[in-house]
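User: I would like a close look at one part of this protein, at the level of side chains. Please keep it brisk.

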Amino acid sequence: MSFIKEILSKPLFKATSLNAISILIKIFVGFITSKFIAVFVGPSGMALVGNLRNFLTATEAFATLGFENGVVKYVAEHKSDDNQLKKTLSTIFITVLFTCLLISLGLFLFSEYLNTSIFGNQYQYAFVFKSLAVALPFYIGNIFLIATINGFGAYKKVIYVNILGSLIGLIASVLLIWKLNTEGALLSIILTPSVLFLVSFFSINKEIKILKAIDLKFYNLSFLKNLSSYSLMALVSAVFGPMVFLTIRKYIIVNLGIEQAGFWEAMSRMSSYYFMFITSIISIYFLPKLAVARSNQETKTLFWNYYKGILPVFIIGMIVIYFLRDFIIHILFTKEFLPVSKLFFWQLIGDTFKAASFILGYQFYAKKLTKAFIISELFSLFVLYFSSIYLVSQFSIEGVVMAHSFTYSIYFITLSIYFRKSLFA
């Protein structure tokens, strides 16, 4: 008990209590959404939703040009310098808007081709890509504004926007899935972040008059060179990450069946819910601080604040989830999804290593370590792909979560060695 009290007394934990509320709301929303998908769509529809999520991850990275973490870094550095701040925001926003409109045009014109590539010939969901084409500028605009607010260090506002987004997402998802089944589940992934654009816009205006800050006269082409490293890092993940997951899922569908792929997607959805705690706290609290850390000692302090204050709570949560796994499946899904229970052990082991490595991985972004990031990312995806194919052939669907665990254990060890000076300075 004294160990838990010590964790709860940490200033970091107290500072992020609002974030914990936000995560709980997101998890609750995810639970309700998953239940509706399970009831109205089933395992096969769950697999299709997974394919769209992978595609959307790639589209988002291309449309933002991977600038999201760069926005956080440079806004954090220049928030006290009005001229540099306007140059940063104008250059990024105008460039991203132009790119986004080009991608929207491509999505609309090639919607049929994308439907076949992502979902297969037997499904007719081209309208989903046309809808994405219309919503994409608002979707990306929301990401840009959230990153800007984050750069100002106004993490409470980011959390409030996320809470509101979760509630709007719940209403939209439930209605769409209830009325349109699989089509509604697919549309809900696209539309909710787009609606949040207006909320983010009004939130950022309290920090800076965003429309006055963005002006063509502040556009600086040379500034894009500073962001090129972020583009490379994000685009490598965006191109190869979803490609690997789509390829693994197709391998599972062909060799084990679409229902087995749906079980893996259900496990992945649950993982994404509780992992929100880690990703959000690192991006809104640690990344801005890592970006301005000037020495190995400062970085070490941030790393160990995370390992002593955040990771133990996460591990306790993993243990609780494991012992409640059957109950969670009954609550979240339907009896059709009971085979997911056998995926929990290796998924949770892998997620623990993933959580331990995430804070180290964000140092690549904070310090623009482009080459090291690309090598480590491609290496981890290489390990994930080949270990998944091999282990699935040996252990059926359990093999894919074994591969997940194996990959992130190797990834954590690799990053610990690479950042040993910052960890043990």
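Over the ring of which residue does the charged end of K354 sit, and how far is it from the ring centre? Start there, then work outwards through the charges, the rings and the loops.

Analyst: The charged end of K354 sits over the ring of F275, 4.8 Å from its centre. Bear in mind that this is a predicted model.

Take the ring under that charge next. By the ring-pair rule, the count comes to 26 aromatic pairs. F275 and F314 make one of them: their ring centres are 5.5 Å apart and their planes stand at 80 degrees, so the pair is edge-to-face. This pair links distant parts of the chain. F275 belongs to helix α14 (residues 258-292), while F314 belongs to helix α16 (residues 311-323), and 39 residues separate them. F275 is buried, and F314 is buried too.

A second edge-to-face pair is F345 with W346: the planes are at 85 degrees and the centres 5.2 Å apart, so the pair earns that label. Here the burial differs from that of the F275 pair, since F345 counts as partly exposed, with a relative accessible area of 40%. W346 is also partly exposed, at 31% relative accessibility.

Now back to K354, this time as a neighbour of a negative charge. E377 lies in helix α19. E377 is buried and has no salt bridge. For E377, the nearest side chain of opposite charge is that of K354, 9.7 Å away. A salt bridge needs a nitrogen-to-oxygen distance within 4 Å. What does E377 touch, not counting residues up to four places away in sequence? The answer is V236, S237 and Y411.

Helix α14 holds another acid, with a contrasting story. E265 is part of helix α14. At 3% relative accessibility, E265 counts as buried. By the salt-bridge rule the count comes to two. In one, the side chains of R53 and E265 meet at 2.7 Å, N to O. R53 lies in helix α4 (residues 42-64) and E265 in α14, so this bridge ties together parts that are 212 residues apart in sequence. R53 is partly exposed, with a relative accessible area of 26%.

In the other, E265 meets R249 at 3.2 Å, N to O. This pair also links distant parts of the chain: R249 is in helix α13 (residues 223-256), 16 residues from E265 in helix α14. Both E265 and R249 are buried. Shared partners join R53, R249 and E265 into one network of salt bridges.

Another lysine sits over a ring. The charged end of K130 lies over the ring of F108, 5.5 Å from its centre. Elsewhere, aromatic residues gather in a group: F55, F119, Y123, Y125, F127 and F129 form one aromatic cluster.

F93 is worth a stop. F93 is found in helix α6 (residues 82-109). It is partly exposed, with a relative accessible area of 27%. Leaving aside neighbours within four places in sequence, F93 is in contact with F144 and I214. R294 is 201 residues from F93 in sequence and 28 Å from it in space, C-alpha to C-alpha.

Helix α17 (residues 325-332) gives a view of how burial is arranged. Its residues I328, I329 and L332 are buried. These three cover an arc of only 100 degrees around the axis, which puts them on the same side of α17.

Last, two backbone details in loops. N181 has a positive phi, near 55 degrees, and is not a glycine. It is placed in the loop between α9 (155-180) and α10 (182-195). N181 counts as partly exposed, at 33% relative accessibility. S396 also has a positive phi, about 60 degrees, although it is not a glycine. S396 is found in the loop between α19 (370-395) and α20 (398-418). At 31% relative accessibility, S396 is partly exposed.

To pull the thread together: K354 has its charged end over the ring of F275. K354 is also the nearest oppositely charged side chain to E377, which has no salt bridge. E265, by contrast, is joined with R53 and R249 in one network.

Terms used. Residues numbered from 1 in each chain as written. Predicted model: local features only at pLDDT ≥ 70, side-chain atom pairs only at ≥ 80, totals over all residues. Heavy atoms only, no water. Helix = DSSP H or I, 4+ residues; strand = E, 2+ residues; numbered from the N terminus. Buried < 20%, exposed > 50% of the residue type's maximum accessible area, 1.4 Å probe, protein only. Contact = heavy atoms within 4.5 Å. Phe/Tyr/Trp six-rings, centres within 6.5 Å; stacked < 30°, edge-to-face > 60°. Lys NZ or Arg CZ within 6 Å of the ring centre and 35° of its normal. Lys, Arg positive; Asp, Glu negative; His and termini not counted. Arc of directions from axis to C-beta.
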